[in-house]
Amino acid sequence: MFQSSSDNDGLPDKITDFFPGIVYIFDADTRKLKYINRKITDLLGYSLADVLTWGNDLMRIVHKDDQDHVNGELQHFYTLQDNESYSYTTRLTDKYGSWKHFRTMGTVLNRDTSGRVITVLFVAQDITTELENQLNLEEKIRDLDRSNKELEEFAYVASHDMNEPLRKITTFIERLENKYKAELGADGKLYLTRISASIENMRHLIDTLLEFSRTTRSNQPFAPVDLNGVAKDVQTDLELKIEETGTTLHIAVLPVIEAIPSQMKQLFDNLINNSIKFRKSGVHPVINIRCLQLTRRQKEQHHLDAANTWFRIDFADNGIGFEPEYNERIFQIFQRLHGKSEFPGSGIGLAICKKIIDQHKGLIYATGKPDNGATFTIILPEHQ
């Protein structure tokens with residue numbers, strides 16, 4: 001017999017109407033409602049009297065395309081153990097003809113003496129707005145991905161095409177120097193020298209922009225990478241620069257992680273190069289590369305996947321450092337904290353590092369103080 005929320009002593013109104021969803025009890029034998037709370041009025045507009053006119057058959061308001069699905073889902077509830085629950089989603093129509101999405105969770109309420117399920121308790125929550133927000137978010141993500149890919153394509157093509165006029169300018173400068181060397185005079189030669197220097201700066205900027213673009217376009221597969229080998233390879237590549245600057249490198253034991261090998265080498269190269277470049281005048285650079293495995297608490301602090309293993313790697317130097325207010329700015333593309341005459345470069349190196357870390361689902365941040373060195377920290381997962 002169907003019970004409304006006003007005449008059921010077992011489930012008083014103050015309990016069932018407190019729930020944010022429709023609470024109902026389903027009879028496994030008759031496949032009819034034995035009880036439903038007033039939330040059906042709030043969420044779908046139907047009164048309890050309306051439910052009685054349906055013969056307590058909730059299936060009549062299930063979307064016709066979902067009815068077979070719902071009948072199939074109901075079979076799961078007859079196999080549940082006590083205290084187990086199961087959920088599914090479906091569409092229900094309100095009193096005014098509009099469809100709404102509901103997530104329904106249920107559990108066994110009563111069994112007969114043989115253990116067969118007699119009644120199932122359900123709570124159905126309206127998730128229409130949640131799904132709409134999710135769909136809107138997914139569409140915005142797709143739009144953002146398309147926009148990013150278009151920008152990356154533009155950066156690649158534009159950077160590649162800009163090299164051609166630079167080559168022509170360089171060729172004509174050489175012709176001017178060879179053909180009109182006597183006529184140019186001291187001022188003319190100085191102007192050409194400055195033009196050539198500007199061209200080289202522009203070419204370097206284009207090359208680094210191309211490098212940044214290639215990083216974002218990379219489709220190389222992830223593979224086990226021994227970061228000890230990566231550090232050793234980079235140290236070998238920078239051997240001459242390390243020797244010229246008197247740089248000392250202290251490298252701790254590093255882990256093996258799933259990563260893109262070429263990008264890990266680029267990451268280490270950029271960070272070590274950065275520490276060498278921004279060294280104090282008259283002071284030999286000292287770079288300490290340290291590593292530790294994050295604890296569960298540290299993973300929680302950084303909002304990282306607790307099931308994965310995470311490693312924190314610090315690149316600490318004794319260089320010129322920087323003001324703490326620039327902690328985030330230094331990872332933005334083309335951002336520079338010093339003049340080109342003092343420290344040459346394009347301002348893309350650290351932006352590439354951040355792009356690589358983002359691609360590996362990790363974190364990167366920096367801390368420093370003026371004249372007191374800087375520490376660049378990367379946090380990477382063991383598995384992707």
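This report walks through the sheet, the cores, one helix, a hairpin and the cysteines of a predicted model.

## Ground rules

Residues are numbered from 1 along each chain as its sequence is written, and side-chain values use heavy atoms, with hydrogens and water left out. Because the model is predicted, local features need pLDDT of at least 70 and side-chain atom pairs count only at pLDDT 80 or more, while totals for chains, interfaces and linings use all residues.

Helices (H or I, at least four residues) and strands (E, at least two) are DSSP runs, numbered from the N terminus.

## The five-stranded sheet

Let's start with the open sheet, whose five strands come in the order 7-9-10-12-11 with mixed pairing; two strands pair if DSSP finds at least two bridges between them. Strand 7 (248–251) and strand 11 sit at the edges, each pairing on one side only. From one strand to the next, the twist averages 15°. Angles here run from 0 to 180 degrees between N-to-C directions, with axes as lines fitted to C-alpha atoms, for helices over the stretch in contact.

Within this sheet, seven bridges join strand 9 and strand 10 in the antiparallel sense. R290 has D314, in strand 10, as its bridge partner. Helix 11 packs on the sheet and touches strand 11 and strand 12, where contact means heavy atoms within 4.5 Å. The direction of helix 11 makes about 140° with that of strand 11.

## Two nonpolar cores

The largest nonpolar core has 39 residues, and the members that touch the most others are L227, M264, I272, F315, F376 and I378. Such a core is a set of buried Ala, Val, Leu, Ile, Met, Phe, Trp, Tyr and Cys residues joined through side-chain atoms within 4.5 Å. Buried means under 20% relative accessible area, exposed over 50%, and partly exposed in between (1.4 Å probe, protein chains only). Among the elements that each supply at least two residues of this core are helix 7 (227–237), helix 9, strand 10 (310–317) and strand 12 (374–381).

L227 is a good place to look: leaving out residues up to four places away in sequence, L227 touches L254, P255, I257, M264, F268 and I313. There is also a second, separate core of 28 residues, which includes L48, M59, L74 and F77.

## Helix 9

Helix 9 covers residues 261–277, and its 17 residues reach 24 Å from first C-alpha to last, close to the 24 Å expected. The expected span is 1.5 Å times one less than the number of residues. Of those 17 residues, 12 are buried, including M264, L267, F268, L271, I272 and I276. Polar residues are on the buried list too, among them Q263, N270 and S275.

## The N-terminal hairpin

Strand 1 (residues 22–27) and strand 2 (residues 33–36) run antiparallel, joined by three bridges. Y24 has I36 of strand 2 as its bridge partner. Five residues lie between the strands of this hairpin, and R31 takes a positive phi near 55°.

In the loop between helix 1 (13–16) and strand 1 you will find F19, which is partly exposed at 35% relative accessibility. The C-alpha atoms of F19 and V123 are 8.3 Å apart, although 104 residues separate them along the chain.

## Cysteines

A search of the whole structure turns up zero disulfides, a disulfide being a pair of cysteine sulfur atoms within 2.5 Å. C291 is unbonded because its closest cysteine sulfur, in C353, is 17 Å away. C291 counts as partly exposed because its relative accessibility is 25%, whereas C353 is buried at 0%.
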